[in-house]
Amino acid sequence: KHIFAERLRRVEVIVVGEAKATREQITNAERRAARKRKAFDGRPIRSSQREARVKMPSEVPRLITSLSAVYDRSQPKAATRRRGGQMTSNSTRAVSLVHKITRRKSADEMVSIYEQLIESGLLRLRKAPHQNTLSDWMNDPALTPVLYELLRLTTLPFRKREIAAIIDSSKMSQMSSAHSRGVEYLHDVRPGADWMKCHALVGVETMIVMAVEFSGSTGPNTHDVNFIKPLVTEAIKTFPLQYLLGDKAYFAKEYFDWLWHECNMRAFIPIKKNIHRPTKKTFYEPFPEMVHMFDDRQREFHEVYRLRTKIEGFFSILKRISGDYCWSRGRQRQTKNAEEPCIAWKNETLCKLIFMNLRTTVTLQEETGYTIDYATDRFFPAPLEPLIAA
């Protein structure tokens, strides 16, 4: 209906006469009824979500401690660094940064919070780290793989709930202090100014972050389509994905055959208008099927593709909950418009994504009645009314 209305507005089609009686049901189509979701104990879903928000301050630190314990168990000989006369493991430093992102406090305000966490046994430090120490940790490249692994661990309880993923990118940096003086956020008019892009793969049901990659804003290898393969390759290690949703930026014929034959996935991506119909049939085997669905079975295509916009809401929530820019100052910036952004921006954004996954975990605990401990191989059950049927 929306596509047809747009064509009417552009005067690309002209309606002659009245709709036939057989088309009356489609002509008078109404808004889709909302899913009747309830918590495991019969509560309305909004009541369980409200209860989850109340438990966030206590549940998120518990989950972070569980993450750290599981990581240390898998790597008993983790590298350590001497900081202020004490030996601090990489996992402890990483979870300390995650705690800071979850609280959204300055380095000065975090001192008292760290002391409370240490006293309660949720953080394995002898004393609260100095404010400058936090900046050193955020710029440490040794913590990047640790944060990636912590992000992967947060996705494990969701592996039975997701069969479809959405791919997209968003700007995650460029604050005034991260560039030359006088440059304000959203007012950077310098030629060749660069920022960091976050390429994410998000689940359709829960908007869990399955995989993430980072790049600069310009350069030969920074286009969004180049990140389909690494993101999907990482996600299918955990999730039995069957569908991939993306906008036109991900329309590239060289990836459709790989998704179909090697990953057993169907891509739902709109066809670009500059491709002529006679040439569509010469592409790979799955490509004509998607072209036929997009051209001749749009109702079936948009039944799945309508969910792509959920990732826009995810990035909006991410920037509203954890800040719409990176406060960290990179100390080892690459050349301007580099393909690889600075370490501090990557580490901070990874902490934010871990926080988003932990929030989703707490919310789903209230909805399903399952208590997640990463030390046990427990996962959430499959949804009763999935958005996309397997």
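Here is a walk through the side-chain pairings and a few backbone details of this structure, which is a predicted model.

Let's start with helix α12, since several threads meet there. Its buried residues are Gln298, Phe301, Val304 and Tyr305. Looking down the axis of α12, you'll find these buried residues within an arc of 130°, so they line one face of the helix. The spacing makes sense in general terms: an α-helix has 3.6 residues a turn, so residues three or four places apart point the same way.

Now pick out Phe301 on that buried face. Phe301 has a relative accessible area of 0%, which is why it counts as buried. Its ring pairs with a neighbour, and the structure holds seven aromatic pairs. One of them joins Phe158 and Phe380, whose ring centres are 5.2 Å apart and whose planes sit at 55°, so this pair is tilted. Phe158 is in the loop between α7 (144–155) and β3 (164–171), while Phe380 is in the segment after α14, so the pair ties together parts that are 222 residues apart in sequence. Both of these phenylalanines, Phe158 and Phe380, are buried. Back at α12, Phe301 forms a tilted pair with Phe268, at 5.8 Å centre to centre and with 35° between the planes. Phe268 belongs to strand β7 (residues 266–268) and Phe301 to helix α12, so here the parts tied together are 33 residues apart in sequence. Phe268 is buried too, with a relative accessible area of 3%. Follow the ring pairs further and you get a cluster of Tyr243, Phe268, Phe301 and Tyr305.

Rings also meet charge in this model: Lys160 lies over the face of Phe379, at 5.6 Å from the ring centre.

On to the salt bridges, of which the structure holds 16. Take Asp72 and Arg124, whose side chains meet at 2.1 Å, N to O. Asp72 sits in helix α3 (residues 45–74) and Arg124 in the loop between α5 and α6 (131–138), so this bridge ties together parts that are 52 residues apart in sequence. The two partners differ in exposure: Asp72 counts as buried because its relative accessibility is 15%, whereas Arg124, at 55%, counts as exposed.

Another bridge joins the side chains of Asp247 and Arg308, at 4.0 Å, N to O. This one links distant parts of the chain, with Asp247 in the loop between β6 (243–245) and α9 (253–261) and Arg308 in the loop between α12 (298–305) and α13 (310–322), 61 residues apart. Both Asp247 and Arg308 are buried.

Then there's the bridge between Glu303 and Arg306, at 3.5 Å, N to O. Glu303 counts as partly exposed at 34% relative accessibility, and so does Arg306 at 30%. Elsewhere, salt bridges with shared partners join Asp41, Arg43, Lys55 and Glu366 into one network.

Next, have a look at Arg359 in helix α14 (residues 343–368). At 24% relative accessibility, Arg359 counts as partly exposed. Setting aside its neighbours within four places in sequence, Arg359 is in contact with Met56 and Ile321. Arg359 and Thr102 are 257 residues apart in sequence, yet their C-alpha atoms are 9.7 Å apart in space.

Finally, two backbone details. Arg104, in the loop between α4 (90–103) and α5 (107–120), has a phi near 55°, a positive value in a residue other than glycine. Arg104 counts as exposed, at 52% relative accessibility. Met207 also has a positive phi, near 60°, and is found in the loop between β4 (197–203) and β5 (209–215).

Definitions and conventions: Residues are numbered from 1 along each chain as its sequence is written. This is a predicted model: local features need pLDDT of at least 70, side-chain atom pairs count only at pLDDT 80 or more; totals for chains, interfaces and linings use all residues. Side-chain values use heavy atoms; hydrogens and water are left out. Helices (H or I, at least four residues) and strands (E, at least two) are DSSP runs, numbered from the N terminus. Buried means under 20% relative accessible area, exposed over 50%, partly exposed in between (1.4 Å probe, protein chains only). Contact means heavy atoms within 4.5 Å. The arc is that of the directions from the helix axis to the C-beta atoms. Rings of Phe, Tyr and Trp (its six-membered ring) pair if their centres lie within 6.5 Å; planes under 30 degrees apart count as stacked, over 60 as edge-to-face and the rest as tilted. A charge sits over a ring if NZ of Lys or CZ of Arg is within 6 Å of the ring centre and within 35 degrees of the ring normal.
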